[in-house]
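Let's take a walk through this structure together, one neighbourhood at a time. Keep the 3D view open as you read.

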Amino acid sequence: MATRDPLDFDIGVEDDEDGTPSPSSISPPSSPPSYFDRDRHVAFFEMLYNLMPYHYQSQEINRLTLAFFTISGLHLLKALDRVDKDRVVGWVLSFQAHPRSRAESKNGQFYGFHGSRTSQFPPDENGVSVHDAGHLASTYCALAILKTVGFNLLTIDKESILISMRNLQQPDGSFMPVHVGAETDLRFVYCAAAICFMLEDWSGMDREKAKDYILNCQSYDGGFGLMPGLESHGGGTYCAVASLRLMGYIEDDLLSKNATSSIINVSLLLDWCMQRQAIDGGFQGRANKSSDTCYAFWVGAVLRILGGYKFIDKIALRRFLLTCQSEYGGFSKYPSELPDLYHSYYGYTAFSLLEEPGLNPLCAELGMTDLAALGIL
């Protein structure tokens, strides 16, 4: 009989001949609730914790990321009691790649966490794990999950993670997510900074080089592109600002201090962020794009870090987000569509920033609850 790992969230296999409709062919509800329906959101995420729908089959390689959204989402909703914390810890730790020796941790591979079982290859006949390399984003999610359920990160093999993570940093200060054949951009600089911050050890990166790379990504309009020279983007701007904050290069609430002495152009950045709130109250990721639930976090969290969140139209933002709330629980990308895990999580973070009753407060820099970030459960 086939065995299954504890907490390996079920991802069903679609049968093309059984008539099961795809998400796009199901009619969405016509009138979403006019209030934040916490109970439905808890039920929706508890369902995702126990049984991941087959539509997520293509995301199997990102299983740890899906788990982070689910578990951290339940914590945001003050429903972490739905989670078996001991099983979660054992399951997450089983994804860490381990070198056979300290010397092997410098062989170029990254000994972080795998994203799923499908990226975890068994050793060869000589006991050598040739492909036993982790991924930066999966490692960030793994550590964030462990913090969320109250696990002491100081007890894990952080040296292997940090020593091998330096192999991923490039001469320009950017990071690759894996040791070979991958792109480099601000997403992975952020993952590296968050990993070092959570492990309370900055030996895993050259902060000065990373800082210089981030500063080279700030565009003429004040926002940040994912790479130098690219168009300003809400996600890239969050990764830049949150990384600088985690690395200690910018202070919290910059606007209340002497912003002219900051290493970034704060006034231009604030102006760019404020322009992202559209006429419908939602936030867009780039100029001339539609409002999207997730950017209420990506841009909203930047404003929170800067101290400019007070300037947004919170009533209009809340109104927009409620048009993306499903009667089934969860949030969709755009109004009146079906909910998905990613946009649901960032819908909860957005409402946490809005200080919605019944939600735990958010640590904007780490994208998880303040309680988890501080290790208080």
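Helices here are DSSP runs of at least four residues, numbered from the N terminus. With that in hand, one more thing before we set off: what you're looking at is a predicted model.

Let's begin in a loop. Lys78 sits between α2 (63-76) and α3. Check its backbone and you'll find phi near 60°, a positive value in a residue that isn't glycine. Is Lys78 buried or exposed, or something in between? With 46% relative accessibility, Lys78 counts as partly exposed, because that label covers whatever falls between under 20% (buried) and over 50% (exposed).

Ser336 has a similar story to tell. This one lies in the loop between α11 (314-323) and α12, and its phi, near 65°, is again positive in a residue other than glycine. Ser336 is partly exposed, at a relative accessible area of 38%.

Now hop to the loop that joins α3 (85-93) to α4 (136-148), where you'll find His98. His98 comes out as partly exposed because its relative accessibility is 42%. Look across from there to Phe113: the two residues are 15 apart along the chain, and 9.1 Å separates their C-alpha atoms.

Follow the chain into α4 and see how this helix meets α6 (residues 186-199). The two axes come within 9 Å and cross at roughly 35°, and the crossing is left-handed. Which residues make the contact? From α4 come Leu136, Ala137, Thr139, Tyr140, Leu143, Ala144 and Lys147, while α6 brings Phe188, Tyr190, Cys191, Ala192, Ala194, Ile195, Met198 and Leu199. Sorted by class, that contact has 13 nonpolar residues, 1 polar and 1 charged.

Next, the rings. How many aromatic pairs does the structure hold? There are 23. Take Tyr238 and Trp298, which pair edge-to-face, with 5.2 Å from centre to centre and 65° between the planes. Tyr238 belongs to helix α8 (residues 234-246) and Trp298 to helix α10 (residues 295-306), so this pair links distant parts of the chain, 60 residues apart. Both Tyr238 and Trp298 are buried.

For a pair within one helix, go to Tyr342 and Tyr346. Their rings are also edge-to-face, 5.1 Å centre to centre with 65° between the planes. Both sit in helix α12 (residues 341-353), 4 residues apart, which is about one turn of the helix. Their surroundings are worth a look too: Tyr342 is partly exposed at 30% relative accessibility, whereas Tyr346 is buried, with a relative accessible area of 8%.

Zoom out a little and these pairs join up. Ring pairs link Phe68, Phe69, Tyr140, Tyr190, Tyr238, Phe297, Trp298, Tyr342, Tyr345 and Tyr346 into a cluster. You've already met Tyr140 and Tyr190 in the contact of α4 with α6.

Last stop: arginines and rings. Where does the charged end of Arg117 sit? Over the ring of Phe95, 4.0 Å from its centre. Arg304, for its part, lies over the face of Tyr309, at 5.1 Å from the ring centre.

Note on methods. Residues are numbered from 1 along each chain as its sequence is written. This is a predicted model: local features need pLDDT of at least 70, side-chain atom pairs count only at pLDDT 80 or more; totals for chains, interfaces and linings use all residues. Side-chain values use heavy atoms; hydrogens and water are left out. Helices (H or I, at least four residues) and strands (E, at least two) are DSSP runs, numbered from the N terminus. Buried means under 20% relative accessible area, exposed over 50%, partly exposed in between (1.4 Å probe, protein chains only). Axes are lines fitted to C-alpha atoms, for helices over the stretch in contact, and angles run from 0 to 180 degrees between N-to-C directions. A crossing is left-handed if the near helix is turned anticlockwise from the far one by less than a right angle, and right-handed if clockwise. Contact means heavy atoms within 4.5 Å. Ala, Val, Leu, Ile, Met, Phe, Trp, Tyr, Cys and Pro count as nonpolar, Asp, Glu, Lys and Arg as charged, and the others, Gly among them, as polar. Rings of Phe, Tyr and Trp (its six-membered ring) pair if their centres lie within 6.5 Å; planes under 30 degrees apart count as stacked, over 60 as edge-to-face and the rest as tilted. A charge sits over a ring if NZ of Lys or CZ of Arg is within 6 Å of the ring centre and within 35 degrees of the ring normal.
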